[in-house]
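Work through the exercises below with the sequence and the 3D structure at hand. Each task is followed by a solution in steps.

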Amino acid sequence: MTSAEAASRPVSEVLGVPPAARTVRDRSFVLLLATLTSVALIVLAVLLVDTAIDGLPQLSLSFLTSFPSAFPAKAGIESAITGTLWLMGVVTFVIVPLGVASALYLEEFADGSRWWNRIIEVNIQNLAAVPSIVYGILGLAYIVRGPLSLGRTVLAGGLTLALVVLPVVIITSREALRAVPPSIKEGALALGATRWQAIWRQILPASIPGIATGVILSISRAIGETAPLILVGAATFVAFNPTGLDSPFTALPLQIFSWISQPDDQFRLLAAAAIIVLLVLLVLLNAVAIRLRNRHQQRW
Amino acid sequence: MATDSVARDAAGPNAESVFGPARRRIGEKAIAVVLFAAAATSVVITVGIVISLAGETLTFFADKAVSVSSFMTGAQWTPLFSDPQFGIRPLVQGTLIITGIALVVAVPLGIGTAAFLSEYASPRVRSALKPTLELLAGVPTVVFGYFALTFFTPSILKGLLGMDVSVFNGLAGGIIVGVLIVPTVASVAEDAMSAVPQSLREGAYGLGASRRQVTVRVVVPAALSGITAGIVLGASRAVGETMVVLIAAGQVPTTSLDPRGPMQTMTAFIGATGKGDVPTGSTGYEAIFAVGFALFLITLILNTISIRFVRRYRQVYE
Amino acid sequence: MQKRLMIAAVSGILAVGVSACGSSDSGSSTSSVSGAVAVDGSSTVFPFAQAAAESFQAENPDAKVTVGESGTGGGFEKFCAGEIDVADASRPIDEAEEVPVCKDNKVEYVEIAVANDGIAIATNPGLKIACFTTDQLNQLWKKGSTVSDYNQLGGGTPAGKVSLFGPGTDSGTFDFFTEEINGEKGDTRTDYQPSEDDNVLVQGVEGDSTALGYFGFSYYESNADKLNLVAVDGGDGCIKPSIETIQNGSYKPLSREIYMYVNTASLADKPQVKAFINYAVDNADESAKTAQIVPLTPAQLTEAKDLLSKAEGS
């Protein structure tokens with residue numbers, strides 16, 4: 001039959017399948033997909049609700065401003081919060097210059113045909129997928145001990161975490177730089193700017209929102225990393241705020257991990273409360289990043 | 001770069017920066033060198049990882065008089081006891097079992113979610129679902145570990161399902177790791193499915209196919225390399241996952257295949273041993289490196305495979 | 001407007017951090033000390049050290065005491081390498097392996113008993129074992145043991161699949177138990193769930209219906225409602241560990257002293273270390289009660305104080 005004839009017959013006849021069955025199968029398929037999609041989300045919801053039920057009653061100003069203690073009633077997360085903030089400071093100071101500079105090099109200066117540049121590119125992709133605990137081993141061997149011998153200090157912990165997220169910062173910064181249309185750069189060059197002037201005055205400023213978003217998201221990833229800190233971090237009982245880069249520290253994920261390991265149910269509840277604080281921190285950071293992204297989404 | 005010189009020529013001889021041509025060139029060169037150094041640090045880091053892991057692993061083999069074959073195939077992992085055994089098989093087995101269970105969970109959930117997002121969801125539903133998936137991806141793994149130990153094992157496995165599991169068991173660990181990697185699998189798979197040209201779909205619709213048939217018979221096969229890339233990437237993440245298994249799956253290196261009891265993965269061994277602050281040069285320290293090296297190799301291989309698949313599906317449509 | 005909100009949010013977070021830093025430095029007593037004290041070692045001694053550190057820091061807010069839980073062996077390694085000031089230990093320092101290392105690194109120390117401890121044998125409440133002889137324990141735990149069901153141990157022991165939890169090899173509890181029960185330090189079967197952290201062991205035993213584990217008595221005491229205590233027959237009948245039986249030694253052979261080893265150089269050079277250890281010994285009873293550890297007898301306490309003042313005087 002010609003296609004015209006085929007088109008005029010009921011589709012089900014052409015395909016030889018009764019229409020009713022097809023509809024049932026179609027409908028159940030949609031249902032299946034919707035169910036599969038919701039399972040992961042339901043688990044997330046249960047997780048959040050369970051944590052909230054356990055942890056919310058423990059949240060109080062004194063919880064936020066007390067230090068870890070042998071008594072669950074007195075224990076708090078002040079040292080964990082300040083430790084986390086210090087670590088994030090170190091991470092930011094490392095990944096912003098290093099990550100943006102690497103991204104700039106790869107996007108603007110690197111000749112893609114040279115073998116060393118290709119190696120760098122492949123490298124970064126691989127580094128982004130290395131398990132974070134391997135970075136912990138690296139940190140233990142080279143940063144805490146070995147050549148840098150920083151000991152179990154804030155600086156060592158921050159550097160190790162920076163290593164974990166640096167590849168991600170490089171990749172997102174590259175994408176932010178790439179998103180700036182070449183016409184901007186060409187216009188600058190046509191007006192007599194040097195390559196660096198064009199980058200520094202036009203491309204970089206235009207890509208800052210994208211870069212900042214990437215940096216913020218990387219920091220939020222680093223905040224939740226526990227495994228590297230287990231190998232690189234300090235003692236289980238740190239009841240003071242870090243006094244400097246060379247100070248021992250604890251951090252929110254470390255404190256959560258330590259409290260989870262206690263069989264006393266009271267500490268489990270405290271762990272839940274600390275988890276809530278951690279999640280709130282993450283949501284705040286992500287909200288800032290998303291707002292940045294949305295506000296500065298340029299339409300070129 | 002060609003554009004630069006063209007633009008500069010077009011600008012004419014009067015277009016000079018304040019500093020004059022010679023200094024400008026040196027300054028630019030210096031900047032380029034600095035930037036190259038920054039990018040090269042990534043190579044330095046990788047080299048550092050490989051050297052430290054490989055180096056200590058060699059020391060490990062030399063020191064402990066362990067042969068590579070007995071390391072890889074030996075069935076007893078008791079490195080810290082008085083008569084130490086260094087067969088890594090129990091650890092690898094633990095990792096594989098957890099990853100296997102995780103994939104059983106994540107593959108249907110991930111592909112199903114991707115298919116739903118890509119083929120069925122309205123823009124409004126998508127705008128609600130995608131951030132929620134990102135939220136799931138952003139939850140720290142220690143939180144999942146907490147959930148596995150304090151809720152999933154007692155209330156779901158033991159309570160709801162009435163299973164006879166130990167307090168630390170591989171099943172809970174595997175299932176929760178599976179949920180954890182769903183966003184990874186889903187986002188790569190969804191990317192691949194969205195990249196399938198609309199013309200393919202329209203062709204099928206034109207022949208009278210239903211949306212289901214289009215999804216199952218057209219889109220999924222067309223996006224298969226991307227979907228595979230997502231699965232392999234998810235597997236790689238599951239292999240490298242530490243906190244969930246450290247908290248909830250147990251610390252017993254065993255060759256038992258029963259996931260209802262405790263087991264130990266490679267990552268859990270590193271985490272548990274490293275927590276005790278092993279001194280440099282001790283057996284525990286060297287064992288960490290040997291296992292870490294094995295872990296690094298496995299994830300490297302999985303990642304390379306995944307990247308290959310991504311390249312393949314990107315190539316077809318670009 | 002959005003920009004201002006963002007700036008406010010970020011500075012808010014920073015402000016909390018800065019104020020937190022600030023608040024910890026304000027309000028000190030007139031004669032408080034400052035500086036770092038590094039304590040590490042046994043997880044059995046950890047609750048005691050933590051309790052002492054906590055109350056010490058309450059009176060001396062500028063002192064920074066960190067307490068680690070690397071296990072007795074791990075603690076000694078760091079101690080003899082000069083990395084920490086105080087080593088927590090649930091067994092005496094090893095003459096053969098650890099003392100030479102300290103000597104080589106010129107680390108001199110004073111050994112102070114800070115509390116007593118017994119090793120408690122505990123099972124899940126579902127596994128009702130009342131008493132084990134040391135012989136049965138040996139059969140269960142010795143190297144190469146193939147006991148897979150408790151009733152294989154005889155003596156009317158109920159049936160149950162063997163699921164064991166115990167300290168890891170860095171633990172002084174491990175050393176002590178294996179030496180006393182199996183005859184040689186380190187002699188043990190290897191198919192049990194090890195952890196340096198006694199808390200994890202308690203968790204394990206609590207959660208597994210046929211589990212048995214051994215750990216410090218204080219960890220049993222703080223979780224007594226979730227565990228079944230097994231009495232031990234060391235030749236004189238079944239005795240359950242308690243403050244009395246541990247202090248008078250009738251709970252045998254699993255009673256012992258637990259120690260803090262103090263680096264005498266730190267004692268002399270760092271006033272905060274001296275203040276801390278003096279505080280810990282003077283308030284040993286208090287800390288023991290907080291940690292639910294068996295306190296020193298009055299005689300032991302006097303001896304500890306004497307030892308300490310002698311070390312300081314010299």
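A polar contact is a pair of N or O atoms within 3.5 Å; within protein, one of them must be able to donate a hydrogen and the other to accept it, and residues adjacent in sequence count only if both atoms are side-chain atoms. The model is predicted.

**Exercise 1. The contact of chain C with chain B**

Task: Find how many residue pairs in polar contact there are between chain C and chain B, and describe the side of chain C that touches chain B.

Solution.
1. Begin with the residues: 19 of chain C are in contact with 19 of chain B.
2. Turn to area. Chain C and chain B bury about 1,600 Å² between them, and 56% of this lies on carbon and sulfur atoms. On the chain C side, Thr169(C), Thr190(C) and Gln193(C) lose the most area to chain B, together 31% of what that side buries.
3. Count the pairs. Between the two chains there are zero salt bridges and two residue pairs in polar contact, with both residues at pLDDT 80 or more.
4. Assign the chain C side to elements. Helix 3, strand 7 (193-195) and helix 7 (198-207) of chain C each supply at least two residues. Helix 7 of chain C gives the most, with four residues.
5. Sort that side by class: five residues are nonpolar, nine polar and five charged.

**Exercise 2. The two domains of chain C**

Task: Describe how domain 1 of chain C and domain 2 of chain C meet.

Solution.
1. Locate the domains. Domain 1 of chain C covers 35-116 + 258-311, and domain 2 covers 118-255. Their C-alpha centres lie 26 Å apart.
2. List the contact: 21 residues come from domain 1 of chain C and 18 residues from domain 2 of chain C.
3. Take the area. About 1,500 Å² is buried between these domains, 46% of it on carbon and sulfur atoms.
4. Count the pairs. The two domains of chain C share two salt bridges and eight residue pairs in polar contact, both residues being at pLDDT 80 or more.
5. Look at the side of domain 1 of chain C that touches domain 2 of chain C. Helix 2 (46-59) and helix 3 (72-80) of chain C each give at least two residues to it. Its largest share, three residues, comes from helix 3 of chain C. By class, this side of domain 1 has seven nonpolar, eleven polar and three charged residues.

**Exercise 3. The build of chain A**

Task: Explain why chain A is described as more spread out than a compact globule.

Solution.
1. List the elements. Chain A has 13 helices and one strand, and from the N terminus on they run α-α-α-α-α-α-α-α-α-α-α-β-α-α.
2. Compare the radius of gyration with the rule. Chain A has 26 Å, well over the 19 Å that the globule rule gives for 300 residues, so chain A is more spread out than a compact globule.
3. Add the spans: along its principal axes the C-alpha trace of chain A extends about 85 × 65 × 35 Å.

**Exercise 4. Two backbone details**

Task: Where is Ser149(A) placed, and where is Pro253(C) found?

Solution.
1. Recall the background: most residues other than glycine have a negative phi, and most peptide bonds are trans.
2. Ser149(A) is not a glycine, yet has a positive phi of about 45°. Ser149(A) sits in the loop between helix 7 (132-144) and helix 8 (154-178) of chain A.
3. The peptide bond from Lys252(C) to Pro253(C) is cis, with omega near 0°. Pro253(C) lies in the loop between helix 9 (243-247) and strand 11 (255-263) of chain C.

Key. Residues numbered from 1 in each chain as written. Chains lettered and ligands numbered in written order. Predicted model: local features only at pLDDT ≥ 70, side-chain atom pairs only at ≥ 80, totals over all residues. Heavy atoms only, no water. Domains from an automatic or database assignment. Contact = heavy atoms within 4.5 Å. Buried area = accessible area lost by both parts, 1.4 Å probe. Salt bridge = Lys/Arg side-chain N within 4 Å of Asp/Glu carboxyl O. Nonpolar A, V, L, I, M, F, W, Y, C, P; charged D, E, K, R; others polar. Rg over C-alpha atoms; globule rule 2.2 N^0.38 Å.
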